Amino acid sequence: MSDKKSVNGVQLKKEWLSCRFEEGLQFQKLDVKGKVFIEYVPAEYAWAPVDAPGYMMINCFWVSGSFKGKGYGAALLDQCMENAKEKHGLVILTSAKKKPYLSDKAYLVKHGFEVCDTAPPYFELMVKRFNSSAPDPVFRASAKQGIPGGKEGLVVYYTNQCPFTDYYANDELEEIGQELGVPVERVRLTSREEAQNAPSAWATYSAFYNGKFLTHEILNKKKAATLLQRG
């Protein structure tokens, strides 16, 4: 979060967090200079198109670089489960194959999670149940429908939940449009209700091109050029 480009995004993330704490959000980080943290919230308050009443939803779970393989992830997950012990269980968004920004499905399976729903093109919703009689969490219909047809150019939906989206959905996206000669549109989701009805399972950042889902990964100019050339 020390990237100078993301100074404004970091402030927006802090403001977003401060509003979520009163809704029960927990943010726990290992006391090191590295990305070792977990963020979770009662699913009713999650900024995601998911129906999972009575569950706790993990927004982000990240152990990076040299901190992997030392048990830190398991410790964070254990603390999350302890704080959610009165809930039906935990839910988290992942993908069929390992992808950036999404938690590793293989790791989650080892810790007792299983797939309970899917959304195109590769998103999976996983659950770790504490109450076997509780209803399964599901994606909302909007996550499976995408954006209305007829949209031309590059359209990016995003929230302030990630400190990096603000810069890349504004300054960088504008440059992408100019350099690649494509129209761009940005849609910032500013409320939980908007995020819960997002046209993609990953409300934090999703890009569409000519009405079709392109990627959930934050676009820079190089990545955009590569993806658009593929069609």
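The following paragraphs describe the nonpolar cores and the strand arrangement of a predicted model.

In soluble globular proteins, nonpolar side chains tend to be buried together. In the present model, the largest nonpolar core comprises 52 residues, and the members that touch the most others within it are Phe123, Phe139, Tyr205 and Leu219. Strand β9, spanning residues 154–158, supplies the largest share of this core, with 5 residues. Apart from this core lies another, made up of 17 residues that include Met56, Phe61, Phe67 and Ala84. When residues up to four places away in sequence are set aside, the contacts of Phe123 comprise Leu93, Thr94, Leu102, Thr118, Phe139, Ser200, Ala201, Trp202, Phe213 and His216; Phe139, one of these partners, is itself among the core members with the most contacts to other members.

Strand β9 also takes part in an open sheet of 4 strands, which are arranged in the order β10-β9-β11-β12 with mixed pairing. The edge positions are occupied by β10 (184–188) and β12 (212–215), each of which has a single partner strand, so that one side of each remains without a neighbour in the sheet. On average, and with direction ignored, neighbouring strands of this sheet are turned by 25° against each other. Within the sheet, β9 pairs with β11 (residues 205–209) in the antiparallel sense over 5 bridges, and Val155 stands opposite Phe208 of β11. Helix α6, formed by residues 171–180, lies across both β9 and β10, and runs at about 160° to β10.

How values were computed:
Residues numbered from 1 in each chain as written. Predicted model: local features only at pLDDT ≥ 70, side-chain atom pairs only at ≥ 80, totals over all residues. Heavy atoms only, no water. Core = buried A, V, L, I, M, F, W, Y, C linked by side-chain atoms within 4.5 Å. Buried < 20%, exposed > 50% of the residue type's maximum accessible area, 1.4 Å probe, protein only. Helix = DSSP H or I, 4+ residues; strand = E, 2+ residues; numbered from the N terminus. Contact = heavy atoms within 4.5 Å. Pairing = 2+ DSSP bridges. Axes fitted to C-alpha atoms, helices over the stretch in contact; angles between N-to-C directions.
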